[in-house]
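This report looks at how the parts of one protein chain are arranged and paired. The sequence and the structure come before the discussion.

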Amino acid sequence: MNIFEAELKNGRFVIPECSRCQKVIWPPSEFCTQCFGNVIWRTVNDSGILVEYSSKDGKMFCIAEFEDSIRIMGTLNCYKTPVIGQKIKISSCGFDKSPKFTFSSE
Ligand SMILES: [Zn+2]
């Protein structure tokens, strides 16, 4: 289990940022994919944008984008019909064999 997964398991969504060139590395890696510098793990800015959604068996799923580059999939809790491009937040995250995210509309 890497740092990303261990932090997720504790309910924290952290992303690696290069200490040398400040690039956010996604998918997460322990080293910068651009300059091979060391990364610093920091919490993500949790104000995201809804990119896509679908519903299945009464549940809603979506792809959300954070910090203009990080796209993640998860479950969406929304009381109104979602609108592509609307703001959403991460309401919970975890790790169980794969990353788990729940989003909610703001
Ligand atoms: Zn770098």
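## Glutamine 86 and its surroundings

Leaving aside residues up to four places away in sequence, glutamine 86 touches Gly48, Ile49, Leu50, Cys78, Thr81 and Ser105. The model discussed here is a predicted one. Glutamine 86 itself is placed in the loop between strand 5 and strand 6, the latter spanning residues 87–96. A polar atom of the side chain of glutamine 86 lies 2.8 Å from the backbone nitrogen of valine 83.

## Two domains and the contact between them

The protein chain is divided into domain 1, covering residues 3–43, and domain 2, covering residues 47–105. Taken over C-alpha atoms, the centres of domain 1 and domain 2 are separated by 21 Å. Eleven residues from domain 1 and eleven residues from domain 2 take part in the contact.

How much area do domain 1 and domain 2 bury between them? The value is about 930 Å², and 74% of it lies on carbon and sulfur atoms. On the side of domain 1, Leu8, Phe13 and Trp26 supply 55% of the area buried against domain 2, which is more than any other three residues supply.

The polar part of this interface can be described by its pairs. The rule finds one salt bridge across the interface of domain 1 and domain 2, and the count of residue pairs in polar contact between domain 1 and domain 2, with both residues at pLDDT 80 or more, is likewise given as one. Helix 1, residues 3–9, contributes four residues to the side of domain 1 that touches domain 2, and this is the largest share of that side. By residue class, the side of domain 1 that touches domain 2 divides into six nonpolar, one polar and four charged residues.

## Salt bridges

Side chains of opposite charge can pair when their charged atoms come close. A search of the whole structure finds four salt bridges, and the table gives three pairs, including their closest N to O separations.

| Basic residue | Acidic residue | N to O distance |
|---|---|---|
| Arginine 12 | Glutamate 7 | 2.6 Å |
| Arginine 42 | Glutamate 67 | 2.8 Å |
| Arginine 71 | Glutamate 65 | 2.7 Å |

In the pair of arginine 12 and glutamate 7, arginine 12 counts as partly exposed because its relative accessibility is 40%, and glutamate 7 is also classed as partly exposed, with a relative accessible area of 22%.

Where in the chain do arginine 42 and glutamate 67 lie? Their salt bridge, at 2.8 Å from N to O, links distant parts of the chain, since arginine 42 is in strand 2 (residues 39–43) while glutamate 67 is in the loop between strand 4 (59–66) and strand 5 (70–77), the two residues being 25 residues apart. Arginine 42 counts as partly exposed at 25% relative accessibility, and glutamate 67 is partly exposed with a relative accessible area of 26%.

Arginine 71, which meets glutamate 65 in a salt bridge, counts as partly exposed at 48% relative accessibility. Salt bridges that share partners also join Glu17, Arg42 and Glu67 into one network.

## Backbone features in the loops

Several loop residues have backbone angles that deserve a separate note. The peptide bond from tryptophan 26 to proline 27 is cis, with omega near -5 degrees, and proline 27 lies in the loop between strand 1 (14–18) and strand 2. Trp26 is also one of the three residues named above for the area that domain 1 buries against domain 2.

Which sign does phi take in glutamate 67? The value is positive, near 50 degrees, in a residue other than glycine. Glutamate 67, in the loop between strand 4 and strand 5, thus combines this backbone angle with a side chain that meets arginine 42 in a salt bridge.

Lysine 97 has a positive phi as well, of about 70 degrees, although it is not a glycine. This residue lies in the loop between strand 6 and strand 7, the latter spanning residues 98–105. Is lysine 97 buried or exposed? Lysine 97 counts as exposed, because its relative accessibility is 80% and the class of exposed residues begins over 50%.

Key:
Residues are numbered from 1 along each chain as its sequence is written. Side-chain values use heavy atoms; hydrogens and water are left out. Domain bounds come from an automatic or database domain assignment. Contact means heavy atoms within 4.5 Å. Buried area is the accessible area (1.4 Å probe) that two parts lose on being put together, summed over both. A polar contact is a pair of N or O atoms within 3.5 Å; within protein, one must be able to donate a hydrogen and the other to accept it, and residues adjacent in sequence count only if both atoms are side-chain atoms. Ala, Val, Leu, Ile, Met, Phe, Trp, Tyr, Cys and Pro count as nonpolar, Asp, Glu, Lys and Arg as charged, and the others, Gly among them, as polar. Buried means under 20% relative accessible area, exposed over 50%, partly exposed in between (1.4 Å probe, protein chains only).
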